[in-house]
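The following exercises practise the reading of a protein model. Each task is followed by a solution in steps.

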Amino acid sequence: MASVRIREAKEGDCGSILRLIRELAEYEKLSDQVKITEEALRADGFGENPFYHCLVAEILPAPGQPQGQGIGSKIIRKVAEVALDKGCSQFRLAVLDWNKRAMDLYKALGAQDLTEAEGWHSFRFEREAMRELAGK
């Protein structure tokens, strides 16, 4: 079993974070939607007013097939800890409807499925729609 260390991301992690974003998008069959650059990650996460808080999970030794080793649970527990420390009352996760394994994990850890419970749907405005709305 791999050893996992979860830590605060550093500015120097941006290249690896972008690689992981691209790998996740490929897994989710959404590669065409990755528009962010390493420079934008650096500005949004480590600039004057960071937009997000990023954690990095280091898996030692390097992962082969890390599924089923409890790594996801450890990461979610750490996110809960950081969120509570920052005064948050909740955090949300997005999951594609075909990813039953992730949904089962989130439910097992105590997450409420808002689609089932409240009928929430997630919407996104992308750049072109935003330009149209803003008249630019």
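A residue is called buried under 20% relative accessible area, exposed over 50%, and partly exposed in between (1.4 Å probe, protein chains only). The model is predicted, so local features need pLDDT of at least 70 and side-chain atom pairs pLDDT 80 or more, while totals for chains, interfaces and linings use all residues. Residues are numbered from 1 along each chain as its sequence is written, and side-chain values use heavy atoms, with hydrogens and water left out.

**Exercise 1. Describe the salt bridge between Glu-11 and Arg-42.**

Step 1. Apply the criterion: a salt bridge is a side-chain nitrogen of Lys or Arg within 4 Å of a carboxyl oxygen of Asp or Glu. For Glu-11 and Arg-42 the N to O distance is 3.4 Å.

Step 2. Locate the partners. Helices (H or I, at least four residues) and strands (E, at least two) are DSSP runs, numbered from the N terminus. Glu-11 lies in the loop between β1 (3–8) and α1, and Arg-42 in helix α2; the pair is 31 residues apart and links distant parts of the chain.

Step 3. Classify the exposure. Glu-11 is partly exposed because its relative accessibility is 40%. Arg-42, at 25%, is also partly exposed.

Step 4. Look for further partners. Glu-38 joins Glu-11 and Arg-42 in a network of salt bridges.

**Exercise 2. State where Arg-19 and Glu-23 lie, and whether each is buried, partly exposed or exposed.**

Step 1. Both residues belong to helix α1 and are four residues apart, about one turn of the helix.

Step 2. They form a salt bridge, with the closest N and O atoms 3.0 Å apart.

Step 3. Arg-19 has a relative accessible area of 43% and is therefore partly exposed. Glu-23, at 42%, is partly exposed as well.

Step 4. Place the pair in the total: the whole structure holds nine salt bridges. Another one joins Arg-124 and Glu-126 at 2.9 Å, N to O. Arg-124 is exposed at 58%, whereas Glu-126 is partly exposed at 39%.

**Exercise 3. Characterise the interface of domain 1 and domain 2.**

Step 1. Fix the bounds, which come from an automatic or database domain assignment. Domain 1 covers 1–88 and domain 2 covers 92–135. Over C-alpha atoms, their centres are 18 Å apart.

Step 2. Count the residues in contact (heavy atoms within 4.5 Å). Ten residues from domain 1 and ten residues from domain 2 take part.

Step 3. Give the buried area, which is the accessible area (1.4 Å probe) that two parts lose on being put together, summed over both. Between the domains this is about 770 Å², and carbon and sulfur atoms give 61% of it.

Step 4. Name the main contributor from domain 1. Helix α3 (residues 71–85) supplies four residues, the largest share of the side that touches domain 2.

Step 5. Check for charge pairing. The rule finds zero salt bridges across the interface.

**Exercise 4. Is Ser-73 buried or exposed, and which residues does Ser-73 touch?**

Step 1. Ser-73 is found in helix α3.

Step 2. With a relative accessible area of 14%, Ser-73 is buried.

Step 3. Not counting residues up to four places away in sequence, Ser-73 touches Leu-105 and Leu-109.

**Exercise 5. What is the sign of phi in Lys-29?**

Step 1. Lys-29 is situated in the loop between α1 (14–27) and α2 (38–46).

Step 2. Phi is near 60°, a positive value in a residue other than glycine.

Step 3. Lys-29 counts as exposed because its relative accessibility is 69%.
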